[in-house]
Amino acid sequence: MKKLSLLFLLCISIAVLSCSSDDSDSTPEISEEAVLGTWIGVDVNYTSTSTINLGGESFVTTTVGEGYDVDYTITFNENPQTFLSEGSYSAELTVTSFGQTQVQNVENYEFGINGEWSLVGNQLSITNDEGEDAIYTIEFLSNGLIQLTALVEDTIIQNGIETDIVANTITTYERQ
């Protein structure tokens, strides 16, 4: 189960540090001014499918994570366009693998990334202080709420074992 916890944390890290895209022609225009300020995290949800390819066989694990004890903020600044996030959250994970389902909690996942941001349509691009890029889709921004999604598709090869990961993270914030 520790390995599944580490895999979850890896997937969340990838979600924060990787790219996604939206090829929709109906991209709503969101102004940079609407994003500026401090946002308080109110919800974080996570789903993933990990497929381990080993010896010509595939083994699938699905994970659903629901955040609780959400206590983090993200602040978008103007001139320069920088952001600062801080705080933590915990998550209840429901992991299904080999026909078995287990529930476990991951406590106090740190949420602290800083860097630069830009906005094109509803695509929020960030570059963290380590130079890693991510693109989040702003699903909605109204009534003091903003919801961001990130889709990650990645292949990790570790110790000769290939794992394909598809992860989706949905975070909701309330304007401070």
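This is a dialogue on how to read some features of a predicted model.

Biologist: Before we start, what should I know about the numbering and the confidence limits?

Modeller: Residues are numbered from 1 along each chain as its sequence is written, and side-chain values use heavy atoms, with hydrogens and water left out. Since the model is predicted, local features need pLDDT of at least 70 and side-chain atom pairs count only at pLDDT 80 or more, while totals for chains, interfaces and linings use all residues.

Biologist: Good. Which residues have the most contacts inside the largest nonpolar core?

Modeller: The general idea first: in soluble globular proteins, nonpolar side chains tend to be buried together. A nonpolar core here is a set of buried Ala, Val, Leu, Ile, Met, Phe, Trp, Tyr and Cys residues joined through side-chain atoms within 4.5 Å. Buried means under 20% relative accessible area, exposed over 50%, and partly exposed in between, with a 1.4 Å probe and protein chains only. In this model the largest such core has 27 residues, and Phe 76, Trp 117, Leu 124, Ile 138 and Tyr 173 have the most contacts inside it. At least two residues of this core come from each of the strands S1 (37-54), S2 (57-76), S3 (82-97), S4 (100-110), S5 (114-120), S6 (123-128), S7 (133-142) and S8 (145-158). S3 gives the largest share, five residues. Another core, of five residues, lies apart from it, with Tyr 46, Val 152, Ile 156 and Ile 165 among them.

Biologist: How are the strands themselves assigned?

Modeller: They are DSSP runs numbered from the N terminus: strands (E) have at least two residues, and helices (H or I) at least four.

Biologist: Take one core residue, then. What is Leu 124 in contact with?

Modeller: Contact means heavy atoms within 4.5 Å. Leaving aside neighbours within four places in sequence, Leu 124 meets Phe 76, Trp 117, Ser 118, Leu 119, Ala 134, Ile 135, Tyr 136, Ile 138 and Leu 148. One of these partners, Ile 135, sits in strand S7 and counts as partly exposed, with 23% relative accessibility. From Ile 135 to Ser 125 the C-alpha distance is 4.4 Å, although they are ten residues apart in sequence.

Biologist: And Thr 163, is that residue buried or exposed?

Modeller: Thr 163 is buried, with a relative accessible area of 12%. Its place is in strand S9 (residues 161-175). Not counting residues up to four places away in sequence, Thr 163 touches Ser 50, Thr 51, Ile 52, Asp 154, Thr 155 and Ile 156.

Biologist: Now the sheet. How many bridges join the paired strands S1 and S2?

Modeller: Two strands pair if DSSP finds at least two bridges between them. S1 and S2 are antiparallel, with 14 bridges, and Asn 53 faces Ser 58 in S2. Their hairpin has two residues between the strands, and Gly 55 takes a positive phi near 60 degrees there. S2 and S3 are also joined in the antiparallel sense, by 14 bridges, with Val 64 opposite Thr 94 in S3. S3 and S4 run antiparallel too, joined by nine bridges, and Ala 91 stands opposite Val 106 in S4. In the turn of the S3 and S4 hairpin, which has two residues between the strands, Phe 98 has a positive phi of about 55 degrees.

Biologist: What is notable in the backbone between S2 and S3?

Modeller: That hairpin has five residues between its strands, and Asn 79 takes a positive phi near 50 degrees. The peptide bond from Asn 79 to Pro 80 is cis, with omega near 5 degrees.

Biologist: Where else is phi positive in a residue other than glycine?

Modeller: Asp 69 has phi near 50 degrees; this residue lies in strand S2 and is exposed, at 54% relative accessible area. Asn 143 also has phi near 50 degrees. Asn 143 is in the loop between S7 and S8 and is exposed, at 80% relative accessibility.

Biologist: Last topic: how many aromatic pairs are found?

Modeller: A pair of aromatic rings is described by the distance of the centres and the angle of the planes. Rings of Phe, Tyr and Trp (its six-membered ring) pair if their centres lie within 6.5 Å; planes under 30 degrees apart count as stacked, over 60 as edge-to-face and the rest as tilted. The whole structure holds six aromatic pairs. For Tyr 89 and Tyr 109, the centres are 5.2 Å apart and the planes at 65 degrees, so the pair is edge-to-face. Tyr 89 belongs to strand S3 and Tyr 109 to strand S4, so their pair ties together parts 20 residues apart in sequence. Both Tyr 89 and Tyr 109 are buried. Ring pairs also link Tyr 72, Tyr 89, Tyr 109 and Tyr 173 into a cluster.
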